[in-house]
Amino acid sequence: MKHRLAEMTGRPMRVVGWYHSHPHITVWPSHVDVRTQAMYQMMDQGFVGLIFSCFIEDKNTKTGRVLYTCFQSVQAQKGSEYERIEIPIHVVPHEAIGKVCLESAVELPRILCQEEQDTYRRIHSLTHLDPITKIHNGSVFTKNLCSQMSAISGPLLQWLEDRLEQNKQSIIKLQKEKEQLTQELAAL
Amino acid sequence: MAASISGYTFSSVCYHSANSNSDHEGFLLGEVRQEETLSISDSHIGSSEFLSVIEVHNHEPCAQLFSFYDYAGNVNEENLNRILKDRRKNVIGWYRFRRNTQQQMSFREQVIHKQLTNILGIPDLVFLLFSFISTANSSTHALEYVLFRPNRNRYNQKISLSIPNLGNTSQQEYKVSSVPNTSKNYASVIKEHGTDFFDKDGVMKDIRAIFQVYSALQDRVQAVCCEVDQSERVREKIQEEVNKLKEEIALRKRNSAEEERRLQEAAAVTLPDNSALPDTSALPDNSALPDSSHSSLTRVVLSGPSVEPSLERAVNSSSPPIYSTTLPPDSPSAILLPRPQAVGSPGHPSPSVGLGNGDGSSSDSLNRQATGQEDEDDDDEDSSEYENLVSEQLQPPSLSEAVTLGRPATLWPDGDAHSPPGS
């Protein structure tokens, strides 16, 4: 993957950290997370951990929240429990979406479908099931795939189409601006 | 009333907002549909309730602030139409993103909202407010969002915004065993009629069919993604060209202004014994000054327009600025962040859900009430001043002095989370 990324971006790439999400729960890393991070740091001191907390809603104020935090682990004394230390993180502005990001977005439905197929294949290999149970399981597969399509693929496609349209409009505007500026430059 | 927005649309708004050095705003496009929920209970049979659901399909970001309204909050319908074009009929609300501000509508926002309601003819126009806060050391960031319905009376002013997700993926619905049944009739009937569901390979026909649908969809997703990728590259390229042209123009203007100034000064020096000119005797001394100080003087004079990097960057998004390799020990914005403790205490995982102090109490700074339900109209004016000051001028330095994560972090035995000394 490192090589493929390096090819795509034209820059040397290395894995610098790991991330995971905490849906519906607090953004702070659990003890397991802190320990996992400590293990990674044994291989690479610079490895960082990112956690995203999402789908949080304060029912009283009807306020939704998305949080993200960056951390590493430290051991206060030899043999003691690992603790979290905070690492500053900044999201860098970038007007265009990179190819790697787009590919990751499109990869998600593929991964979900693959997981579903793997689960179904395991179930399907059980031969002692009667026809009704087999039909039930097949329907579960169909239902789950439908869920994926309507919850993920559909909205993804919608966003892609909208982004394409937005880009087309931006390109038109930028072309006009470029022409104007070119004329202005020529006049100087 | 309920509202929903896809994760992708939501992320897209966040993306545009994060790219912006100032506040960011735009319109929400979508539809309102009525959902009938049928409820059956012991007390009444078949009672149905109608629930209005606002579906946000897409957003139309505004490239700049004040693009459809002025400083007094007067909405310009012409500009509005230019931004929305034929999407005007799909507008169901608008949104604003601000940093380090209260989760309540500012006075100007309320004024604009009323006008938009009238101009667009949408009685239940909604307003989605995003507020971004960070810890003092920038390790943890929170984006809060509230959906307001300002045109309703006080008691109905906020709506839950849900982001539909895949839900439970624990795969507990597959059955690994059949219910034991010794009935011969059962076995024979289901075997005989059940075969219709399977093809000659014993695979359920439905599965093949649904997989076809999924495959076709994924192929299309891939294809559109390629188109988007191409358009991103084209846009990037033209943006770069535009930036270069702007730089070139700015440089030429600076050079020619400098030229003119030099010519003027040279002309002033060569004018003999002109009593109208003050301190002509001082001028030859100036010309004896080394060129660097001259040009530094002109540089100071002419760099006026670019003094506010935030505004310039908002207008022409240039290539990513060069980031310093050292973390500023006290980035200026950190001092001005209103609630550094709002996102939890450093170094100690907080057991409470959401943001709060270790002991389970929430910092009351974070328990900011979206004040649709309270009589706090007087606060609005203050927050609008604050919104303009803090967001537009003070946030940019922290972004531009950002540190990339390439800097090797080291473990500090004393658990110090702050910048390592001297690096």
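Here are four short exercises, with worked solutions, on the salt bridges, the cysteines and the chain contacts of this predicted model.

**Exercise 1. Salt bridges within a helix**

Task: Find which residue pairs with A:Arg110 in a salt bridge, and work out where the two partners sit.

Solution:
- Start with the general idea: side chains of opposite charge can pair when their charged atoms come close.
- The partner is A:Glu107, with a nitrogen-to-oxygen distance of 2.6 Å. That passes the test, because the cut-off for a salt bridge is 4 Å.
- Next, place the pair. Both residues belong to helix α3 of chain A (residues 99-124), where they are 3 residues apart, about one turn of the helix.
- Last, check the surroundings. A:Arg110 is partly exposed at 32% relative accessibility, and A:Glu107 is partly exposed at 31%.

Now try chain B: how many residues apart are B:Asp229 and B:Arg233?
- They are 4 residues apart in helix α5 of chain B (residues 205-270), again about one turn of the helix.
- Their closest N and O atoms are 3.0 Å apart, and the two form a salt bridge.
- Here B:Asp229 is buried, at 9% relative accessibility, whereas B:Arg233 is partly exposed, at 28%.

**Exercise 2. From pairs to a network**

Task: Look at chain B for a further salt-bridge pair and for a network of such bridges.

Solution:
- For the pair, take B:Arg208 and B:Asp199, whose closest N and O atoms are 2.7 Å apart. B:Arg208 is partly exposed, with a relative accessibility of 41%.
- For the network, trace B:Asp23, B:Glu25, B:Arg96, B:Arg98 and B:Glu109, which salt bridges link together.
- To put these in context, the whole structure holds 31 salt bridges over all chains.

**Exercise 3. Cysteines without a bond**

Task: Explain why A:Cys113 is in no disulfide.

Solution:
- Recall that a disulfide is a covalent bond between the sulfur atoms of two cysteines.
- Find the closest cysteine sulfur to that of A:Cys113: it belongs to A:Cys146 and lies 11 Å away, so the two are too far apart for a bond.
- A:Cys113 is also buried, at 1% relative accessibility.
- The search of the whole structure agrees, with 0 disulfides over all chains.
- B:Cys225 is likewise in no disulfide, the nearest cysteine sulfur, in B:Cys226, being 6.0 Å away. B:Cys225 is buried too, with a relative accessible area of 4%.

**Exercise 4. Where the chains meet**

Task: Describe the interface of chain A and chain B, going from its area to its residues.

Solution:
- Begin with area, since the size of an interface is often given as the accessible area lost when the parts come together.
- About 10,400 Å² is buried between chain A and chain B, and carbon and sulfur atoms give 62% of it.
- On the chain A side, A:Trp28, A:Glu86 and A:His90 lose the most area to chain B, together 7% of what that side buries.
- Count the residues in contact: 109 from chain A and 114 from chain B.
- Turn to the links. There are 8 salt bridges across the interface, and A:Arg65 meets B:Glu144 in a salt bridge at 2.8 Å. Polar contacts join 39 residue pairs across the interface, both residues at pLDDT 80 or more.
- Which elements of chain A give two or more residues to the side that touches chain B? They are β2 (48-58), β3 (63-75), β4 (82-86), α3 and α4 (131-187). Of these, α4(A) gives the most, with 45 residues.
- Finish with composition: this side of chain A has 53 nonpolar, 37 polar and 19 charged residues.

Definitions and conventions
Residues are numbered from 1 along each chain as its sequence is written. Chains are lettered from A and ligands numbered from 1 in the order in which they are written. This is a predicted model: local features need pLDDT of at least 70, side-chain atom pairs count only at pLDDT 80 or more; totals for chains, interfaces and linings use all residues. Side-chain values use heavy atoms; hydrogens and water are left out. A salt bridge is a side-chain nitrogen of Lys or Arg within 4 Å of a carboxyl oxygen of Asp or Glu. Buried means under 20% relative accessible area, exposed over 50%, partly exposed in between (1.4 Å probe, protein chains only). A disulfide is a pair of cysteine sulfur atoms within 2.5 Å. Contact means heavy atoms within 4.5 Å. Buried area is the accessible area (1.4 Å probe) that two parts lose on being put together, summed over both. A polar contact is a pair of N or O atoms within 3.5 Å; within protein, one must be able to donate a hydrogen and the other to accept it, and residues adjacent in sequence count only if both atoms are side-chain atoms. Ala, Val, Leu, Ile, Met, Phe, Trp, Tyr, Cys and Pro count as nonpolar, Asp, Glu, Lys and Arg as charged, and the others, Gly among them, as polar.
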